[in-house]
Amino acid sequence: MTQVFINGARDEPNVREFESLDPSIQELILAATEARKQAYCPYSNFAVGAALRTSDGTIYSGCNIENGAYATCICAERTAAVKAISEGKRDFVACAVVAQQDNGFTTPCGVCRQFLSEFVNGKDIPLYAAKPTNLPLRVLCTSVLQLLPNGFSFLNGK
């Protein structure tokens, strides 16, 4: 069987065409794409943008921010989440991540997966990973809990 690679990623059942997605999902991915343009990544040169939608429909976006003291770096997903949380929003309903990776899609790192799982309030939320390419593009459609099964939490009886 021949595997088909589109945008550098294996074409799988959970990979969709951007144009086939709901307009609210497209809006979230485009917000992450714009946020990526603000990334401060002089060490890795790996720019990432993320966007989170809260239950009231507000979108919070963020980019990765590096520092010479690597431990102080913050990923795009946590930047977006911290912005939302600092404004009193803690009920996330969807997340998008945009980065350029030649072989596959960029999904949140383990720290970000754990961080986001704290705010899914006992439910799963969709996560969309895309590349910053011209349309049409492909989008990996997954979820926070699919990426972090059995995540650690003191909340919700876990």
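**View A. Asn45 sits in the loop between helix 1 (23–36) and strand 4.** This is a predicted model, so treat every view here as a look at computed coordinates. Most residues other than glycine have a negative phi. Asn45 goes the other way: its phi is positive, at about 55°, although it is not a glycine. The residue counts as exposed because its relative accessibility is 64%, and the cut-off for that label is over 50%.

**View B. The largest pocket has a volume of about 200 Å³.** Its lining is made up of 15 residues, and the closest to the pocket centre are Phe46, Val48, Asn64, Cys75 and Ala76. If you're wondering which element gives the most to this lining, it's helix 2, with three residues.

**View C. Cys75, Cys109 and Cys112 carry the UniProt annotation "binding site", taken from an unreviewed entry.** The three are spread over 38 residues of sequence, yet they cluster in space, with a largest C-alpha distance of 8.4 Å. From this set, Cys75 and Cys109 also turn up in the lining of the largest pocket. Now zoom in on two of these cysteines. Cys109 belongs to the loop between strand 6 and helix 3 (110–117), while Cys112 is in helix 3 itself. Cys109 has a relative accessible area of 32%, so it is classed as partly exposed. Cys112 comes out as buried because its relative accessible area is just 1%, where the cut-off is under 20%. Leaving out residues up to four places away in sequence, Cys112 touches Cys75, Glu77 and Arg78.

**View D. The largest nonpolar core has 20 residues.** Which residues have the most contacts inside this core? They are Leu52, Ala81, Phe92, Cys95, Leu116 and Val144. At least two core residues come from each of strand 4 (48–54), helix 2 (76–86), strand 6 (92–99) and helix 4 (144–147). Helix 2 gives the most, with five residues. As background, nonpolar side chains tend to be buried together in soluble globular proteins.

**View E. Val144 is picked out here with its contacts.** Residues up to four places away in sequence are not counted, and what remains is Arg113, Leu116, Ser117, Val120, Asp124, Ile125 and Leu127. One of these, Leu116, is also listed with Val144 among the residues with the most contacts inside the largest nonpolar core.

**View F. A second, separate core has 16 residues.** Leu21, Leu28, Ala130 and Leu137 are among them. Keep an eye on Ala130, which returns in the next view, standing opposite Val139 in strand 8.

**View G. Strand 8 (residues 138–143) is largely enclosed by the rest of the structure.** Why does strand 8 count as largely enclosed? Because six of its six residues are buried. Both faces are covered: one side has Arg138, Leu140 and Thr142, the other has Val139, Cys141 and Ser143, and all of these are buried. Strand 8 pairs with strand 3 (residues 15–17) in the antiparallel sense over three bridges. It also pairs with strand 7 (residues 126–130), again in the antiparallel sense, over five bridges. For a handy landmark, go to Val139: Arg16 stands opposite this residue, and so does Ala130.

Technical notes: Residues are numbered from 1 along each chain as its sequence is written. This is a predicted model: local features need pLDDT of at least 70, side-chain atom pairs count only at pLDDT 80 or more; totals for chains, interfaces and linings use all residues. Side-chain values use heavy atoms; hydrogens and water are left out. A nonpolar core is a set of buried Ala, Val, Leu, Ile, Met, Phe, Trp, Tyr and Cys residues joined through side-chain atoms within 4.5 Å. Buried means under 20% relative accessible area, exposed over 50%, partly exposed in between (1.4 Å probe, protein chains only). Helices (H or I, at least four residues) and strands (E, at least two) are DSSP runs, numbered from the N terminus. Contact means heavy atoms within 4.5 Å. UniProt positions are given in the numbering used here, feature names are shortened, and annotations may be inferred rather than shown by experiment. On a 1 Å grid over the protein atoms alone, a cavity is a set of points where a 1.4 Å probe fits but cannot get out, and a pocket is an open set with protein on both sides within 12 Å along at least five of seven lines; lining residues have an atom within 4 Å of a point. Two strands pair if DSSP finds at least two bridges between them. Grid points are joined across faces, edges and corners, and a volume is the space filled by probe spheres set on the points.
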